[in-house]
Amino acid sequence: MADIEERYRAYLTCLNERRFADLGEFAHDPVIHNDRTLSVAEFRDLLERDVTEIPDLHYAIDRLVVQDDQVACRIRFDCTPARPFRGIPPTGKSISFVEHVFYRYEDGKIAEIWSLVDTDAIREQLTP
């Protein structure tokens, strides 16, 4: 089994390269996301929706902590929403926001995800 940090970085590369069909290499089926059990297909739909709403979405590691089977990451996004994102209409303006996310790995794959996106920052930047 590859080291968890290496696996996590490969997972973000997969997302940035839009290789959503490869998610099964990185996440259990099912995977738990914010206490909801999702199949890998449902998880893929969630990630693909974000990219549809923000085509230039890029996952950039701002802070990363790995301990045993746990990963904590602060991901920074600098992007331009093209469609409503998290219920907030786009303005054509570029925005910056972060996601704080925790993962629990099992057998080298993501088993659980707890994610919190800074929607206040998004709303502040997109509200005229």
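**A walk through one predicted chain, starting from its first helix**

Let me begin with helix α1, which covers residues 4-16: at 1.5 Å a residue its 13 residues should span 18 Å, and the C-alpha atoms at its two ends are 18 Å apart, so expectation and model agree. I should say at once that this is a predicted model, and everything I describe this morning is computed from it.

Which residues of α1 are buried? They are I4, R7, Y8, Y11, L12, C14 and L15, and because they cover an arc of only 155° around the axis, they lie on the same side of α1. If you wonder about the spacing in that list, recall that an α-helix has 3.6 residues a turn, so residues three or four places apart point the same way. As for what lies against them, the buried residues of α1 pack against α2 (40-53), β3 (60-67), β4 (70-79), β5 (95-106) and β6 (109-117).

The two ends of this helix also deserve a look. At the N-terminal end D3 acts as a cap, with a side-chain oxygen 3.3 Å from the backbone nitrogen of E5, and after the helix comes R18, whose phi is positive, near 60°.

Let me now step back to the whole chain. It has 3 helices and 6 strands, and if you follow the elements from the N terminus on, the order is α-β-β-α-β-β-β-β-α. For 128 residues a compact globule would have a radius of gyration near 14 Å, and the chain has 15 Å, which agrees. Taken along the principal axes, the C-alpha atoms fill a box of roughly 50 × 30 × 25 Å. Buried residues account for 40% of the 128 residues, and of the contacts between residues at least 6 apart in sequence, 55% join residues at least 24 apart.

That brings me to the interior. How many residues does the largest nonpolar core have? The number is 38, and the residues with the most contacts inside this core are Y8, Y11, F43, I75, F97 and Y103. The elements that each give two or more residues to the core are α1, β1 (27-33), α2, β4, β5, β6 and α3 (119-126), and the largest share, 6 residues, comes from α1, the helix with which we started. To make this concrete, take Y11: not counting residues up to four places away in sequence, Y11 touches L23, F26, F43, L47, Y103 and I110.

Two of those partners, F43 and L47, are also among the buried residues of α2, which are V40, F43, L46, L47, D50, V51 and E53. What covers the buried residues of α2 includes α1, β1, β2 (36-38) and β6. The same check of length can be made here, since at 1.5 Å a residue the 14 residues of α2 should span 20 Å, and the end C-alpha atoms of α2 are 20 Å apart, which agrees.

The remaining helix is α3, where A121, I122 and L126 are buried; because these residues cover an arc of only 120° around the axis, they lie on the same side of α3. The buried residues of α3 pack against β5 and β6.

Let me finish with those two strands, through three residues. R104 is found in strand β5, while E112 is found in strand β6, and their side chains make a polar contact at 2.6 Å. Is E112 buried or exposed? With a relative accessibility of 16%, E112 counts as buried, because the cut-off for that word is under 20%. Leaving aside neighbours within four places in sequence, E112 is in contact with V31, I32, F102, Y103 and R104. With the corresponding neighbours set aside, R104 touches D69, Q70, K109, I110, A111, E112 and W114.

A111, the third residue, lies in strand β6 and is buried, with a relative accessible area of 8%. Beyond its neighbours within four places in sequence, A111 is in contact with H28, V31, I32, R104, Y105 and E106. Finally, A111 and D69 are 42 residues apart along the chain, and their C-alpha atoms are separated by 10.0 Å.

How values were computed:
Residues are numbered from 1 along each chain as its sequence is written. This is a predicted model: local features need pLDDT of at least 70, side-chain atom pairs count only at pLDDT 80 or more; totals for chains, interfaces and linings use all residues. Side-chain values use heavy atoms; hydrogens and water are left out. Helices (H or I, at least four residues) and strands (E, at least two) are DSSP runs, numbered from the N terminus. The expected span of a helix is 1.5 Å times one less than its number of residues. Buried means under 20% relative accessible area, exposed over 50%, partly exposed in between (1.4 Å probe, protein chains only). The arc is that of the directions from the helix axis to the C-beta atoms. Contact means heavy atoms within 4.5 Å. A polar contact is a pair of N or O atoms within 3.5 Å; within protein, one must be able to donate a hydrogen and the other to accept it, and residues adjacent in sequence count only if both atoms are side-chain atoms. A nonpolar core is a set of buried Ala, Val, Leu, Ile, Met, Phe, Trp, Tyr and Cys residues joined through side-chain atoms within 4.5 Å. The radius of gyration is taken over C-alpha atoms; the globule rule is 2.2 Å times the number of residues to the power 0.38.
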